[in-house]
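Student: Can we go through the labels on this one? I'd like to see how each value stands against its definition.

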Amino acid sequence: MKNLLKALCISLIILSPLSSCDSGFDEMNINPVQPTSLDPIYLMNRAALFSTISSTSLNYESAIVQQIVSPNGGVLAGGNFNQLNRAFSIGTWNKYYRDVLKHTIDVKRFTRDNPGRNNLFQMARILQALSAMILTDTFGDVPYFEAGLGFLEGKIDPAYDRQEEIYLDILNELQEATAALNPSGRIETGDIFYGGDVAKWRKLGYSLMLRAAMRHTKVNPTRAREWVERAVAGGVMASNADNMMIQHDFNYSNELGNTLNATEANNYYLAEPFEQFLSETNDPRLGSIAVRFIGAGSGPDQNNALAGNPAPGVNLSRNPADQMGFPMGYDNQTIGAVVQARGLRSFYEFSQVDRTRMTARDAPIFHVTYSQTSLLLAEAAHRGWIAGNAADYYAQGIRANMEQMAAYGENTAIAESAIDAYIETHPLDEANAMEQIGEQYWVASFLNAYEGFANFRRTGYPALAPNPYPGKDISGDFIRRLSYPDAEFSVNNANITAAVARQGPDNLDTRVWWDTP
């Protein structure tokens, strides 16, 4: 029997062509329920989700512009102490260079030659322009023209491009992409920013163009004016309905909210300069932003009060009259003298951004707003670059930001009567217009510290006093940029070394190209 079976097997091999062994093999090994292609709108939304403001901005940008500050050092050291902490500067690099740009470049690759996805292609160009602005504003010269091409073209050591060249291309990209959006083309309803609304993407593109143009005010005012005029002629944002925002939920949560509702819940406080500005001007936004745990002696005291179980003598207050910002220049040890002088129980009594409202896990994040756009128009009108009344644009910007508070929930919304009263009592004074516009832009960019930090460097407003914390790592009054990630010196040494030689030392003092003294 054994010999018979052996002979049968041999005969089958001889009689059957060898190719028959592969017949149906490929089909048998294909999972019938696994997708074999990916709609690029999902890559676009992946980029959009990655674009949410990084929690590392709490350690640098928010502290530099004195809006949110931590008294704690070690891993939380940064702008609060004017110290170099590369562990946090890498957060912005990884988010926008490694994650956002990688995905927008992939979207562009999949849609560039597909006329049916033209609108998605243009949307990816606009989102990439925003992300590139954040990167270059943060670090200066960065890989741009060769960025994200490691897999596609084998460029694993991309050249660092000059910031001026990056900005020129950003402006051209915005102009081309915005003009090429087609309302008669496919509407990308899966888009999480605007549901594919071409008119809103067009307003976003021109509003970003306005923002990019204004970066040139100190280094090339002629170019700034030229592109401001183009942006305004194209049509910028006209209401809060045009805001570029991500409405988070508990599956795709607000990154700042994750940080401030988890391990760092008790470690960040409203900085005194920001709280005092709002308080001294009777700004109703303070009531939307702040919470204070009066009598708190610890983090658990804060948490219990939020949970509705306050310890004896601990009172949760959102009343603007009760707020008290954390003074700049102190850490968790040296603040003890201030605590004692003010009759407080501990530094846990200082005001915080309310993590149940504006920094809840499902709170929205705003990238580009009608308020910011209106304030830039106020500046452009004040400079005589565009038609219109600077005071009207200024009032429009304040109103838009106050009305924007309603997006965080009914407990954050500001009554129209309060908005009217504030605007009536705080008109634009042409003699101090730049300062007033800069201050309002500072407030309007709260929780988008990338933009607040950029505009502060560009305009010099608000006129903040330097952080007096001793032992700083800077020679100037303020941090001007963040340092490159250490890994870049290992994986792309020749190109980053050339960038440093061209731009200046890789430290916190070196200014980016558009930030001239």
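Tutor: What follows is a short round of questions on burial, contacts, a helix and some voids.

Tutor: This is a predicted model, with local features needing pLDDT of at least 70 and side-chain atom pairs pLDDT 80 or more, while totals for chains, interfaces and linings use all residues. Residues are numbered from 1 along each chain as its sequence is written, and side-chain values use heavy atoms, with hydrogens and water left out.

Student: Why is Asn-80 called buried?

Tutor: Buried means under 20% relative accessible area, exposed over 50%, partly exposed in between (1.4 Å probe, protein chains only). Asn-80 has 3% relative accessibility, so it counts as buried. Across the chain, 55% of the 517 residues count as buried.

Student: What makes the link from the side chain of Asn-80 to Asn-72 a polar contact?

Tutor: A polar contact is a pair of N or O atoms within 3.5 Å; within protein, one must be able to donate a hydrogen and the other to accept it, and residues adjacent in sequence count only if both atoms are side-chain atoms. The side chain of Asn-80 reaches the backbone oxygen of Asn-72 at 3.3 Å. The backbone oxygen of Leu-76 also lies 3.4 Å from a polar atom of that side chain.

Student: How do you know what span to expect for helix α5?

Tutor: Helices are DSSP runs (H or I, at least four residues), and strands are E runs of at least two, numbered from the N terminus. The expected span is 1.5 Å times one less than the number of residues. For α5 (residues 86-111), with 26 residues, that gives 38 Å, and the helix reaches 36 Å from first C-alpha to last, which is close.

Student: What makes a void a cavity rather than a pocket?

Tutor: On a 1 Å grid over the protein atoms alone, a cavity is a set of points where a 1.4 Å probe fits but cannot get out, and a pocket is an open set with protein on both sides within 12 Å along at least five of seven lines; lining residues have an atom within 4 Å of a point. The structure holds six cavities of 30 Å³ or more. The largest cavity has about 150 Å³ of space, and its lining has 19 residues, with Phe-366 and Tyr-408 among those nearest its centre.

Student: And where does α5 come in with the second largest pocket?

Tutor: That pocket has a volume of about 320 Å³ and 14 lining residues, Lys-108 and Phe-145 being among those nearest its centre. α5 gives the most to this lining, with three residues.

Conventions:
Grid points are joined across faces, edges and corners, and a volume is the space filled by probe spheres set on the points.
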